[in-house]
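User: Let's walk through this one together. Here it is.

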Amino acid sequence: MLRTTIPFIDLRGKTLTDLLRSYPDKASALLSASRRTFGLASWLASWLLLPFFDKKSHRWLRRSNNPYLREIEAAADFLGKKGVYTLNLSYEWGCTSGAYLVAGQVHMLRVLDWPLAGLGKHIMVALQRAGAGDYYNITWPGLSGVYQGMAPGRFAAAINLAPMRKHGLGLAGDWLRNRFILDRQKALPPSHLLRLVFEQAGNYHEAKEMLCKTPVAAPVIFTLTGLIPGEGCIIERLENAAEIKELLVAQLVSASNEFHSPLAARGRGWRPRVIDSAGRYRQSLNISAHDMQQGDFGWLRPPMLNRYTRLVMQAEAATGMLMVQGYEGQGAVTECYKLAASGQ
């Protein structure tokens with residue numbers, strides 16, 4: 001398979017809207033792919049339901065006074081297609097992430113899984129400027145949130161989808177009930193909170209405080225790494241509660257899509273996310289420092305590598321090292337993007 005090059009875009013002094021204007025074809029491709037995620041049925045349903053969900057998502061963003069509303073509106077106006085608001089609030093993926101101590105440096109590992117085909121093919125690395133400093137956002141045109149990124153000299157961070165809150169209504173009933181709960185929230189979506197952290201947090205400790213204490217619209221799991229040994233953690237979040245698993249003297253801490261803290265006992269319990277959340281977690285615990293020093297992603301194997309894998313990333317904020325590669329299922333579709341220590 002022919003592998004493409006991941007684009008690097010210097011957005012300092014520009015906006016994510018400028019990114020969209022430069023790559024409208026990629027954004028349009030992702031919107032089209034989202035309609036075909038589950039085949040003909042989802043394609044037909046999208047034509048019937050997408051206008052409704054777009055309006056509902058737009059209203060929710062306005063009602064919650066979302067700080068990135070104008071940017072999302074500009075993207076929707078520019079593309080002139082339904083789905084921009086819905087895609088910006090979508091939050092249905094599995095991930096495996098962790099903080100690893102490698103030769104005295106703290107590395108963040110991140111694998112993103114999502115049924116949406118095309119994410120791996122259309123990934124890009126954007127260098128953005130904010131009040132707290134520059135950061136690399138591994139992103140897609142048309143999306144306002146940050147799902148994974150690295151701020152040299154500050155920290156690296158990523159989002160994992162939390163397990164699904166149970167209500168005793170079965171899978172479909174629990175899903176609908178959780179959407180009703182989300183609709184009543186006015187806090188930031190997880191990806192917008194992470195973007196705010198990259199824009200405002202000057203160091204690991206400030207980022208950690210914001211990720212733990214800022215109300216969030218839905219349960220989420222954050223992975224955060226800093227600059228020195230001990231600066232690494234998994235933050236399991238409910239809307240207004242947090243539990244932290246610290247790196248400290250351990251060699252690693254990791255997460256998939258289930259809670260391992262006292263949050264797991266809250267309410268009626270939680271459903272882990274597919275694919276094989278428990279298996280991915282166990283495998284992440286077996287990745288060694290030696291594996292992560294090889295300069296490639298040879299440690300990526302099933303079940304962490306699966307039919308929904310779209311992105312793999314390794315970052316080390318102290319030196320500014322970053323590696324990213326796009327996947328479509330179990331095969332890489334891009335060359336490995338490598339940012340050497342101390343810059344592009």
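User: Where does D276 lie?

Analyst: D276 lies in the loop between β13 and α9 (277–284). Helices here are DSSP runs of H or I with at least four residues, strands are runs of E with at least two, and both are numbered from the N terminus. This is a predicted model, so keep in mind that local features need pLDDT of at least 70, side-chain atom pairs count only at pLDDT 80 or more, and totals for chains, interfaces and linings use all residues. Residues are numbered from 1 along each chain as its sequence is written, and side-chain values use heavy atoms, leaving out hydrogens and water.

User: What's the phi of D276?

Analyst: Positive, about 50 degrees, although D276 is not a glycine. Most residues other than glycine have a negative phi, and most peptide bonds are trans. D276 is partly exposed, with a relative accessible area of 40%. The cut-offs are under 20% for buried, over 50% for exposed, and partly exposed in between, using a 1.4 Å probe and protein chains only.

User: And which peptide bonds are cis?

Analyst: The one from V274 to I275 is cis, with omega near 0 degrees, and I275 sits in that loop between β13 and α9. The bond from P302 to P303 is cis too, with omega near 5 degrees; P303 is in the loop between α10 (289–292) and β14.

User: How good is the confidence? What's the mean pLDDT?

Analyst: The mean is 91, and 93% of the residues reach 70 or more. pLDDT is the predictor's confidence in each residue, from 0 to 100. Over residues 38–43 it stays under 50, and the model has six contacts there beyond four places in sequence, a contact being heavy atoms within 4.5 Å.

User: Switching to sheets. What's the strand order in the open one?

Analyst: β1-β4-β5-β6-β7-β9-β10-β11, eight strands with mixed pairing. Two strands pair if DSSP finds at least two bridges between them. The edges are β1 (8–10) and β11 (241–246), each pairing on one side only. On average, neighbours in this sheet are turned by 20 degrees against each other, direction ignored.

User: Which helix packs on that sheet?

Analyst: α8 (residues 204–213) does, touching β7, β9, β10 and β11, and its direction makes about 20 degrees with that of β10. Axes are lines fitted to C-alpha atoms, for helices over the stretch in contact, and angles run from 0 to 180 degrees between N-to-C directions.

User: What about β3, is it enclosed or open?

Analyst: Eight of the nine residues of β3 (residues 105–113) are buried, so the strand is largely enclosed by the rest of the structure. Nine bridges join β2 (residues 94–102) to β3, antiparallel, and six join β3 to β14 (residues 309–316), also antiparallel. L109 stands opposite Q314 in β14.

User: What's in the turn between β2 and β3?

Analyst: β2 and β3 form a hairpin with two residues between them, and A103 in the turn has a positive phi of about 50 degrees. A103 is exposed, at 64% relative accessible area.

User: Last one: which residues of α6 are buried?

Analyst: G173, D174, N178 and I181. They cover an arc of only 135 degrees around the axis, which puts them on the same side of α6; the arc is that of the directions from the helix axis to the C-beta atoms. These buried residues pack against β8 (164–165) and β13 (270–271). On the other side of α6, A172 and L176 are exposed.
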